[in-house]
Amino acid sequence: MTASPVLPTRAGKDADKYLLPGEDVVLATRRHWAVLIEPTLKFLPVFAVGGFLFLLDPDNAVTSVVGLVVVLGALVYYALRVGEWWMRHFIVTRRRVLLTSGVIVRTVTLLPLRRITDLTWEETFFGQILGYGSFRFESAGQDQALRHITFMPDAKKVYKEVSGLLFSADWGGAASGDDEGNPDPPPPPPPVQRDTAPIPPLPPAP
């Protein structure tokens with residue numbers, strides 16, 4: 001059995017809050033920094049336009065106010081996206097997969113490992129260059145919110161860890177226990193074997 005990994009501060013707080021006593025964490029990670037490329041590309045031109053309007057004519061109250069509003073709006077948008085990236089964690093234990101997210105309101109989505117029927121690992125061209133990938137979980141009976149996890153860093157290592165939990169009995173994850181991480185109850189004792197059959201009752205007297 002391997003030692004529990006050292007968790008990031010935020011992930012450690014989530015693990016202490018949402019995991020059951022004795023539930024071991026196999027891995028915990030936030031999404032790859034590449035997830036911030038799109039919001040950065042959206043933020044920079046808007047921020048530049050707002051700054052231009054704000055500095056265009058300091059004596060013009062209209063352009064100054066509009067520019068300030070645009071700048072503040074762009075900063076709030078980008079801060080929320082960065083905060084969401086920082087607070088969002090993918091946590092895998094020997095029983096469950098959890099996704100914690102939310103800056104103001106925390107949300108925890110979980111999927112028991114024993115309900116996962118298939119695992120697909122996807123790695124795009126840019127993912128191979130930057131070092132991230134995506135997971136697709138297929139679960140029995142319902143469409144889960146955890147079905148598609150994108151921008152996973154070091155996806156090959158994470159894939160091997162999760163696959164080991166799902167398909168190797170040495171990890172002891174999905175093959176036994178209930179959805180809450182409790183072990184299966186012990187099997188009932190075998191029936192007592194009698195050396196001799198019971199004596200049948202005597203027939204009634206004539």
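## A tour from the E23–R96 contact

Select E23 and R96: their side chains are joined by a polar contact of 2.6 Å. This is a predicted model, so treat each stop as a computed value.

**Stop 1: E23.** Stay on E23. Which loop holds E23? It lies in the loop between α1 and β1. Is E23 buried or exposed? Buried means under 20% relative accessible area. E23 has 13% relative accessibility, so it counts as buried. Now show the backbone of L20. The E23 side chain reaches the backbone nitrogen of L20 at 3.0 Å. Next, display the neighbours of E23. Leaving out residues up to four places away in sequence, E23 touches T93, R95 and R96.

**Stop 2: R96.** Move across to R96. This residue sits in strand β3. Its relative accessibility is 7%, so R96 is also counted as buried. Both partners of the 2.6 Å side-chain contact are thus placed: E23 in a loop, R96 in a strand.

**Stop 3: strand β2.** Select residues 89–93, which form β2. How many of the residues of β2 are buried? The count is 5 of the 5, so the strand is largely enclosed by the rest of the structure. Turn on the side chains. H89, I91 and T93 point one way. F90 and V92 point the other way. In a regular strand, side chains alternate between the two faces of the sheet.

**Stop 4: the partners of β2.** Add residues 25–29, strand β1. β1 and β2 pair in the antiparallel sense over 4 bridges. To find your place, look for V25, which stands opposite T93 in β2. T93 is also one of the residues touched by E23.

Now add residues 96–101, strand β3. The pairing of β2 with β3 is antiparallel too, again over 4 bridges. Here V92 stands opposite V97. Follow the chain from β2 to β3: a hairpin joins them through 2 residues.

**Stop 5: helix α3.** Select residues 61–87. How many residues does helix α3 have? It has 27, and its first and last C-alpha atoms are 38 Å apart. That is close to the 39 Å expected at 1.5 Å a residue. Zoom in on the start of α3. A side-chain oxygen of N60 comes to within 3.0 Å of the backbone nitrogen of V62.

Colour the buried residues of α3 next: T63, S64, G67, V71, A74, G83, W85 and M87. What covers them? The cover includes α1 (9–18), α2 (37–56), β2 and β3.

**Stop 6: the annotated segments.** Select residues 33–55 and 61–80. An unreviewed UniProt entry annotates both as "transmembrane region". Start with 33–55: the chain is 83% helix and 0% strand there, with end C-alpha atoms 32 Å apart. Then take 61–80: that stretch is 100% helix and 0% strand, and its end C-alpha atoms are 28 Å apart.

**Last stop: the whole chain.** Zoom out. The protein chain has 5 helices and 7 strands. From the N terminus the order is α-β-α-α-β-β-β-β-α-β-β-α. Of the 206 residues, 34% are buried. Show the surface: the accessible area is about 13300 Å², and 63% of it belongs to carbon and sulfur atoms. Finally, consider contacts between residues at least 6 apart in sequence: 52% of them join residues at least 24 apart.

How values were computed
Residues numbered from 1 in each chain as written. Predicted model: local features only at pLDDT ≥ 70, side-chain atom pairs only at ≥ 80, totals over all residues. Heavy atoms only, no water. Expected span 1.5 Å × (residues − 1). Buried < 20%, exposed > 50% of the residue type's maximum accessible area, 1.4 Å probe, protein only. Contact = heavy atoms within 4.5 Å. Polar contact = N/O pair within 3.5 Å; in protein donor to acceptor, adjacent residues only side chain to side chain. Pairing = 2+ DSSP bridges. UniProt positions renumbered as here; feature names shortened; annotations may be inferred. Areas by Shrake-Rupley, 256 points an atom, 1.4 Å probe, with all protein chains shown as cover.
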